[in-house]
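Colleague: I have this one open and would like to walk through the fold. Can you help?

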Amino acid sequence: MFARQVCLKLRPGRAIEYSRMLENEIIPILREQKGFSDEISFVSGERSEAVAISLWDAPESAEAYHRETYPGVLKALEGVIDGEPQVHTFAVSNSTIHKIPNLPR
């Protein structure tokens with residue numbers, strides 16, 4: 001399993017709108033992507049920031065999304081985010097919800 005962490009600076013007062021857009025517009029797009037497994041989002045209205053973590057079956061699936069679909073997602077979020085989000089990728093090593101295959105030793 002593979003994860004993408006996206007850290008976003010929100011425009012002041014836009015946390016609720018960001019959450020609504022994520023639920024109604026972005027997550028449906030993610031669900032259509034090959035290899036997509038889950039989306040977890042954290043929002044702090046007080047700090048005007050959000051973190052979104054998407055889980056994927058393999059790095060190639062996440063990379064295809066990043067290359068082909070993510071630019072359109074960013075465009076849709078232009079009105080609620082401030083600046084360029086930071087994207088980091090990780091191999092998922094543990095989860096209490098998702099079954100993770102044993103890591104190579």
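Colleague: Which strands does helix 2 lie across?
Modeller: This is a predicted model, to start with. In it, helix 2, residues 59–68, lies across strand 1, strand 3 and strand 4.

Colleague: And at what angle does helix 2 run to strand 1?
Modeller: About 35 degrees.

Colleague: Now the sheet. In what order do the strands come?
Modeller: The order is 2-3-1-4, in an open sheet of four strands with antiparallel pairing. Strand 2 (36–44) and strand 4 (86–91) are the edge strands, so to speak: each of them pairs on one side only. On average, neighbouring strands in this sheet are turned by 15 degrees against each other, with direction ignored.

Colleague: What about helix 1, which strands is it touching?
Modeller: Helix 1, residues 15–31, packs on the sheet and touches strand 1, strand 2 and strand 3. Its direction makes about 175 degrees with that of strand 2.

Colleague: Back to pairing. Over how many bridges do strand 1 and strand 3 pair?
Modeller: Eight, in the antiparallel sense, between residues 2–9 and residues 49–56. Leu 8, for example, has Ala 50 in strand 3 as its bridge partner.

Colleague: And strand 2 with strand 3, how many bridges there?
Modeller: Eight bridges, antiparallel. Among the pairs, Ser 44 is matched with Glu 49 of strand 3.

Colleague: What do strand 2 and strand 3 form, and how many residues lie between them?
Modeller: They form a hairpin, with four residues between them. In the turn, Ser 48 has a positive phi of about 55 degrees.

Conventions:
Residues are numbered from 1 along each chain as its sequence is written. This is a predicted model: local features need pLDDT of at least 70, side-chain atom pairs count only at pLDDT 80 or more; totals for chains, interfaces and linings use all residues. Side-chain values use heavy atoms; hydrogens and water are left out. Two strands pair if DSSP finds at least two bridges between them. Helices (H or I, at least four residues) and strands (E, at least two) are DSSP runs, numbered from the N terminus. Axes are lines fitted to C-alpha atoms, for helices over the stretch in contact, and angles run from 0 to 180 degrees between N-to-C directions. Contact means heavy atoms within 4.5 Å.
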